[in-house]
Amino acid sequence: MNWDKSENLFDRALPLIPGGVNSPVRAFGAVGRHPFFVEKAEGPWLYDADGNKYLDYVCSWGPGILGHAHPRVIEAVQRACAGGLSFGAPTAKEVELAELIHTCVPDMEMMRLVSSGTEAVMSAVRVARGFTGREKIIKFAGNYHGHSDGLLVKAGSGLMTQSVPDSAGVPAGYAAQTLTAVYNDEKSVRALLEENHGQVAAVVVEPVAANMGVVLPQKGFLEFLRRITQKEGTLLIFDEVITGFRLALGGASQYTGVHADLYTFGKIVGGGMPLAVYGGRRDIMSCVAPLGTVYQAGTLSGNPVAVTAGIETLKILMEDSGIYERLDRRAQILAEAYRNSGLTVNQAGSLLTAFFTPDIGERKGRVEDYEDACACDRKAFAAYFNRMLERGIYVAPSQFEAMFVSDAHTDDLIKMTCEVIGECLA
Ligand code: KE4
């Protein structure tokens, strides 16, 4: 493959944009090569500036569940654009999208549209603090909730110590209000809640983790979080920016049967445009200005063009009852191909990650938390990524990300992918 045009674009970008990209993972740092620059996308295909064609299993990190440039979505967005791009005033479409979201996720009794997953989670945490009057929150190592200061933290030296910033520029004081537990480890959650009794506003969790690679909640873990937060007067926030409308039309609460107090959605809900949502129990969301005293605002919140993309995407998902079964089946076939090549695979619906686990001790072939994920062989992953890319298959450029299957990945393309996986891992 030739990447001359991408290289030239990268050279032009570097002096103007940090790392030449507008989001770090796009720089391909983890896979030891420069990024390609995308020209256009259609269905399951990405086309780069040099005309190379890739079968896309990143799907813009999740939004592309229908495949790229779905005709119905594009036509609706084009029509919306002709009517104006932004008004800073309420529109009927925002009400329609809120009604659709409530229909799909009944727990979303009241909600606010915002412009990114980061903004959704940041706002949900603020509402939880405003509603409970408490300041601390608990998150999990390996869960990612966007780049707001209070959530860019990692576990301190010991589990019981305060979290420390996971980025320069995050004040220690912000990090100190965020406690870090171990995913799938009930003891770590119980200890933090006991140690900080009456002080924890919320537990924020990815109900199926997808930012340390895909890691499923072990049986009973989410139910445990639900019980212990209720007992403690702490709110439970499901960060469904990835899992929402991905695992099921009703997201993780439908997929797992566990119900949270607040939810955040992004990616699919905006059909690939800058739109995300936070919401949940009406008594909690009634704290949000102008109803209540928790302030949150946004010039582009509920942007009519982004909302149009979201409405059309949700309508297509709601009309096609077989889509989730199709996506799950295809993902299972891919998972089997990776397992047959000796990798450990975690899969939930159309989300999966193939892990290059070290074959050490009794943890062989299991990735159940961040520590397991960190033990994977990242060099082997990078070599596999580049072999797949050379063969025209684009998977996420990091061991700690998910593979996304879309409805545009036909059975034939899945079959072809399995063959390439076998070649690349032989
Ligand atoms: P955004 O601000 O990137 O829209 O959403 C932040 C976010 C919040 N919560 C979860 C569970 C998320 O996965 C994300 C963002 N996901 C990453 C991919 N793992 C976005 C890709 C990127 O950072 O470029």
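Domain bounds here come from an automatic or database domain assignment. You're looking at a predicted model, where local features need pLDDT of at least 70, side-chain atom pairs count only at pLDDT 80 or more, and totals for chains, interfaces and linings use all residues. Residues are numbered from 1 along each chain as its sequence is written, and side-chain values use heavy atoms, with hydrogens and water left out.

**Exercise 1.** Find the two domains and say how many residues each gives to the contact.

*Solution.* Start with the bounds: domain 1 is 4–69 + 322–424, and domain 2 is 71–319. Next, take the centres over C-alpha atoms: they sit 24 Å apart. Now count the contact (heavy atoms within 4.5 Å): domain 1 puts in 29 residues and domain 2 puts in 31.

**Exercise 2.** Work out what area is buried between domain 1 and domain 2, and which three residues of domain 1 supply the most.

*Solution.* Buried area is the accessible area (1.4 Å probe) that two parts lose on being put together, summed over both. For this pair that's about 2,300 Å², with 65% from carbon and sulfur atoms. On the domain 1 side, P63, L66 and Y324 top any other trio, with 24% of the area that domain 1 buries against domain 2.

**Exercise 3.** Sort the residues of domain 1 that touch domain 2 into nonpolar, polar and charged.

*Solution.* First, the classes: Ala, Val, Leu, Ile, Met, Phe, Trp, Tyr, Cys and Pro are nonpolar, Asp, Glu, Lys and Arg are charged, and the others, Gly among them, are polar. Then sort: you get 18 nonpolar, eight polar and three charged.
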